[in-house]
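Student: I would like to go through a predicted model and see which residues its helices turn inward. Please show it first.

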Amino acid sequence: MNKSLLHILHQDFDVSEEDFKEAQQACLEQNATLAEILIKKQVVTEIQLLEAYSKLYNIPFRPKLFVETFDTDFTQHISIQFLKKYLIVPVKSAQSVQGETEMADESALQQNDKEKAFIVINDPSLFPPLDDVLKILAWNDVDFVLSTRDSILSLINTAYDSSRDTAQQLVEDMEENANDIISEIEETSDLLDDTSDAPIIKLVNHIISQSVKSGASDIHIEPYQNSFKVRYRVDGVLYDLLTPPKWMQPSLISRIKVMAKMNIAEKRLPQDGRFEVKIGDQSIDIRVSTIPITHGERLVLRLLNKSNTLFRLADLGLNNENLEILNQLITSSHGIILVTGPTGSGKTTTLYSILSKINSSDINIITIEDPVEYQLKGIGQIQVNSKIDLTFAKGLRSIVRQDPDVILIGEMRDQETADIGVQSALTGHLVFSTLHTNDAASAITRLKDIGVEPFLISSSVIAVIAQRLVRVLCKECREAYNPDEETLERLGFKVGQSDTPTIYRAKGCSKCFNSGYKGRIGIYEFMVLNEELQNMILKTHDSHQIKKEANRQGMTSLYDDGIQKVLNGTTTISEILRVTQT
């Protein structure tokens with residue numbers, strides 16, 4: 001078989017006999033499969049190897065699989081770990097297993113009226129696990145299909161995800177067996193001793209997985225006098241997820257505190273913790289915050305999906321004018337660029353997108369953050385740690401001795417941090433940071449309030465960017481309508497005007513969870529400090545006067561940028577009013 005495989009690889013992909021034999025030897029030394037070694041040593045790509053296997057074993061190869069519905073009964077009999085280890089997934093479906101192109105002429109993949117069984121595999125040389133799967137399922141008349149690692153893992157995750165009970169179903173099952181479950185909880189002093197089959201553990205896992213699947217950014221666990229509520233925030237808006245019975249409250253909260261390595265005995269003081277989970281191929285970092293309230297402990301879980309790809313600057317929602325201004329600003333050799341807005345307004349995402357844009361081998365970029373939200377290749381990132389007194393100010397003092405070209409400060413929280421940031425900017429460093437202010441002009445007032453002298457602000461800050469996130473209309477269900485007179489006036493049009501634009505509003509469909517919105521985009525306010533604004537800052541730090549001067553010089557406000565996105569059909573005027581409070 002190896003000789004035949006070598007012949008195909010040599011003929012089709014110019015693999016030498018020497019490289020092939022080295023791979024065979026490495027298999028014995030590293031206890032790995034031939035396929036793993038060939039791909040690891042870059043002798044061939046995964047697709048090339050699968051194409052060779054397809055010829056060798058006469059098994060059809062599908063680089064990407066498209067199976068909308070299939071029987072997931074096998075998930076009750078075979079563990080997900082086994083299938084992921086050997087990259088095998090059994091598919092029984094009325095559909096054919098289709099690839100990127102139509103394969104209707106191939107007998108192995110014909111569409112039949114009855115269900116057809118397939119075993120999708122990545123390495124056909126692994127006979128024992130294949131035999132095990134066939135014995136467990138007792139399937140007859142089975143065909144085999146080759147596919148890539150990613151496609152198989154995606155199918156496995158889909159199967160096990162769809163076969164799981166919902167969190168609501170778990171709550172209902174637990175209510176039916178309340179007495180038994182309560183006695184189990186009372187007997188187990190340490191929740192770490194519970195098995196993964198424990199109902200509370202399963203419930204917490206389902207709450208997190210459903211929230212991640214819905215694209216939630218936060219989970220709120222809120223106790224009241226006679227009730228207990230779980231909510232999640234999707235696209236900036238809170239929705240009810242569950243209302244479990246009150247008796248579940250202590251054990252559910254304790255389970256989350258155990259996961260976050262908090263003190264479960266301490267219920268009178270606020271606590272912070274964090275933990276990581278994997279859901280399929282997604283890695284989720286979860287920050288947990290607890291506070292004691294009248295009827296128990298209130299928890300908020302902030303979900304950070306580390307698997308998400310970073311945005312490009314062009315994808316953030318910047319109009320052409322602001323994008324051009326930003327591209328010029330980030331090429332500056334020194335100065336401070338501040339990004340402002342409330343918590344959850346996308347400031348960190350904007351800064352990471354900027355760092356990704358300017359990141360190159362010829363500049364040294366160092367960040368200090370709380371927490372480090374994305375891992376950026378080629379960039380030194382420091383995590384603030386209050387337990388060992390590693391604060392922004394202390395870390396920043398060390399950073400400036402590391403010969404940086406660009407510095408990112410997660411937040412200017414105090415005078416010491418701000419002063420070091422200003423001095424860094426004045427000594428030839430480009431500094432990025434964030435502030436919690438309502439608009440761009442208020443950043444100047446905030447810096448003055450924390451103790452930075454006006455002459456230092458005017459000479460170091462080169463721009464302030466205020467931003468908010470607005471929900472994007474679902475393109476599948478948005479509907480055009482004729483706005484009323486008040487709305488037209490807000491948009492800058494008169495009733496009966498001939499060039500009135502098409503305005504859309506949210507409707508709701510199954511693809512957007514009936515909210516009418518899907519995803520979010522930024523609205524921005526760019527205040528670039530020119531000579532006039534710098535002189536004004538020396539005279540006053542009144543944000544209203546600074547904003548008035550910036551507007552006079554042509555600054556587009558958050559509200560005006562939002563209105564442009566309403567006019568181009570991206571969002572609604574109610575969304576703009578919600579985030580700008582104008």
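Student: Which residues of helix H6 (residues 127-137) are buried?

Tutor: Buried here requires under 20% relative accessible area. In H6, the residues that count as buried are Pro129, Leu130, Val133 and Leu137.

Student: Why are these residues on the same side of H6?

Tutor: An α-helix has 3.6 residues a turn, so residues three or four places apart point the same way. The buried residues of H6 are on the same side because the arc they cover around the axis is only 105 degrees.

Student: Which residues are exposed on the other side of H6?

Tutor: Exposed requires over 50% relative accessible area. On the side of H6 away from the buried residues, those exposed are Pro128 and Lys135.

Student: What covers the buried residues of H6?

Tutor: The cover includes both helix and strand elements. Among them are helix H5 (80-86), strand S2 (88-93), strand S3 (116-121) and strand S4 (142-147).

Student: How many of the eleven residues of helix H11 (residues 249-259) are buried?

Tutor: H11 is largely enclosed by the rest of the structure, because nearly its whole run is buried. Its buried residues include charged ones, Arg255 and Lys257, as well as Leu252 and Ile253. The count is ten of the eleven.

Student: Which residue with positive phi follows H11?

Tutor: H6 is followed by Ala138, with a positive phi near 55 degrees. After H11, the residue with positive phi, near 55 degrees, is Lys261.

Student: How much of the protein counts as buried?

Tutor: The protein has 22 helices and 19 strands. Of its 582 residues, the share that counts as buried is 49%.

Notes: Residues are numbered from 1 along each chain as its sequence is written. This is a predicted model: local features need pLDDT of at least 70, side-chain atom pairs count only at pLDDT 80 or more; totals for chains, interfaces and linings use all residues. Side-chain values use heavy atoms; hydrogens and water are left out. Buried means under 20% relative accessible area, exposed over 50%, partly exposed in between (1.4 Å probe, protein chains only). Helices (H or I, at least four residues) and strands (E, at least two) are DSSP runs, numbered from the N terminus. The arc is that of the directions from the helix axis to the C-beta atoms. Contact means heavy atoms within 4.5 Å.
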